[in-house]
Amino acid sequence: MKVRVVGCGCLNANCCIVETPRDKTIVIDPGAPEILDSLDRADLILLTHAHLDHVLGVNAVAGRFGCPVLVSSKEDMEACLEDFNGYADQSMIDEFRAIRITGFFNDGDEIEGLKVISTPGHTIGSSCFLGEGQIFTGDTIFAHGYGRLDFKTSSASDMLNSLRKLRNLPKGTIIYPGHDGQARIEDVFYF
Ligand SMILES: [Zn+2]
């Protein structure tokens with residue numbers, strides 16, 4: 001799968017634009033409306049989790065291309081919004097509340113060649129999407145560590161279990177995280 005990474009939104013989250021062998025364009029975590037400048041089409045929006053900085057472009061992309069918007073059935077949207085209390089201004093809150101989720105996925109689902117791996121910890125609905133030799137990890141793991149655990153539905157013990165799932169991925173698997181640059185799985189789990 002061909003991947004383009006575009007940083008956007010209030011915290012420069014990575015939006016991953018994935019072109020599948022079946023000629024579908026999947027947009028993972030559209031963090032702001034300006035992501036439209038980088039898109040000719042979108043067939044599906046997938047969310048690694050529902051924090052504001054990963055989702056505020058959902059309406060713009062879904063509105064332009066009429067594509068479905070999927071998030072984990074476990075995600076707690078309201079808690080994700082509360083996580084940004086004091087940071088989000090009213091327009092961001094209004095935009096978030098207007099997001100229309102059209103469907104849900106669960107651990108183990110296959111979606112357009114991507115396998116859902118449920119990885120709670122950062123938020124209860126955090127999920128990774130595994131392709132062939134690549135994985136999109138949102139805020140679960142980064143090139144240099146794992147995501148914050150101080151949010152409303154965060155759980156350190158869940159995160160530990162999630163990290164155990166990910167560390168067994170084949171060497172060479174490229175991690176596309178929700179912020180900053182890429183890494184290989186063995187560079188993150190080197191211990
Ligand atoms: Zn997050």
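In the hairpin of β1 and β2, which residue takes a positive phi? The residue is Gly-9, whose phi is near 90°, and the hairpin in which Gly-9 sits has four residues between its two strands. Before following this hairpin further, the reader should keep in mind that the structure shown above is a predicted model, and that what follows describes that model as it was computed.

Taken as a whole, the protein has six helices and 14 strands. Its radius of gyration is 15 Å, close to the 16 Å that the globule rule gives for 191 residues, so the protein is as compact as a globular protein of that length. Along the principal axes, the C-alpha atoms fill a box of roughly 45 × 40 × 25 Å. Of the 191 residues, 43% are buried, and among the contacts with a separation of 6 or more, 59% are made by residues that lie 24 or more positions apart.

We can now return to the hairpin. Strand β1, which covers residues 2-8, pairs with β2 in the antiparallel sense over seven bridges, and one of the pairs that can be traced is Lys-2 with its bridge partner Glu-19 in β2. In a regular strand the side chains alternate between the two faces of the sheet.

Strand β2, residues 13-19, also leads into the interior, for the largest nonpolar core has 47 residues, and those that touch the most other members are Cys-15, Val-27, Ile-28, Ile-45 and Leu-46. To this core β2 gives the most, with five residues. If the neighbours within four places in sequence are left aside, Cys-15 is in contact with Val-6, Cys-8, Val-27, Ile-28, Asp-29, Pro-30, Gly-31 and Ile-35.

A second group of strands is found later in the chain, where six strands form an open sheet in the order β7-β8-β9-β10-β13-β14, with mixed pairing. At the edges stand β7 (110-111) and β14, each with a single partner strand, so one side of each is left without a neighbour in the sheet. Between β13 and β14 the pairing is antiparallel, over two bridges, and the bridge partner of Ile-174 is Arg-184 in β14.

The loops next to these strands hold two residues with an unusual backbone angle. Most residues other than glycine have a negative phi, and most peptide bonds are trans. Glu-112, in the loop between β7 and β8 (114-118), has a positive phi of about 50° although it is not a glycine. Because 17 other C-beta atoms lie within 10 Å, Glu-112 counts as partly exposed. Asp-180, which belongs to the loop between β13 (174-177) and β14 (183-184), likewise is not a glycine and has a positive phi of about 60°. Asp-180 is partly exposed, with 13 other C-beta atoms within 10 Å, and, apart from its neighbours within four places in sequence, it is in contact with Phe-142 and Ala-143. Asp-180 and Ala-13 are 167 residues apart in sequence, yet their C-alpha atoms are 7.7 Å apart in space.

The last of the helices to be considered here is α5, residues 156-167, and which of its residues are buried? They are Met-159, Ser-162 and Leu-166. Seen down the axis of α5, these buried residues fall within an arc of 65°, so they line one face of the helix. An α-helix has 3.6 residues a turn, so residues three or four places apart point the same way. On the other side of α5, Ser-157, Leu-160 and Arg-164 are exposed, while what covers the buried residues includes β9 (127-130), β11 (141-142) and β12 (145-146). The length of this helix can be checked as well: at 1.5 Å a residue, the 12 residues of α5 should span 16 Å, and the end C-alpha atoms are 16 Å apart, which agrees.

Finally, is Ala-98 buried or exposed? Ala-98, which is placed in the loop between α4 (90-97) and β6 (103-105), is exposed, because 9 other C-beta atoms lie within 10 Å and a residue with 12 or fewer is counted as exposed. Ala-98 and Leu-56 are 42 residues apart in sequence, and from C-alpha to C-alpha they are 9.8 Å apart in space.

Terms used. Residues are numbered from 1 along each chain as its sequence is written. This is a predicted model: local features need pLDDT of at least 70, side-chain atom pairs count only at pLDDT 80 or more; totals for chains, interfaces and linings use all residues. The expected span of a helix is 1.5 Å times one less than its number of residues. A residue is buried if 20 or more other C-beta atoms lie within 10 Å of its own, exposed if 12 or fewer, and partly exposed in between; C-beta atoms are placed from the backbone. The arc is that of the directions from the helix axis to the C-beta atoms. Two residues are in contact if their C-beta atoms, placed from the backbone, lie within 7 Å. The radius of gyration is taken over C-alpha atoms; the globule rule is 2.2 Å times the number of residues to the power 0.38. A nonpolar core is a set of buried Ala, Val, Leu, Ile, Met, Phe, Trp, Tyr and Cys residues joined through C-beta atoms within 7 Å. Two strands pair if DSSP finds at least two bridges between them.
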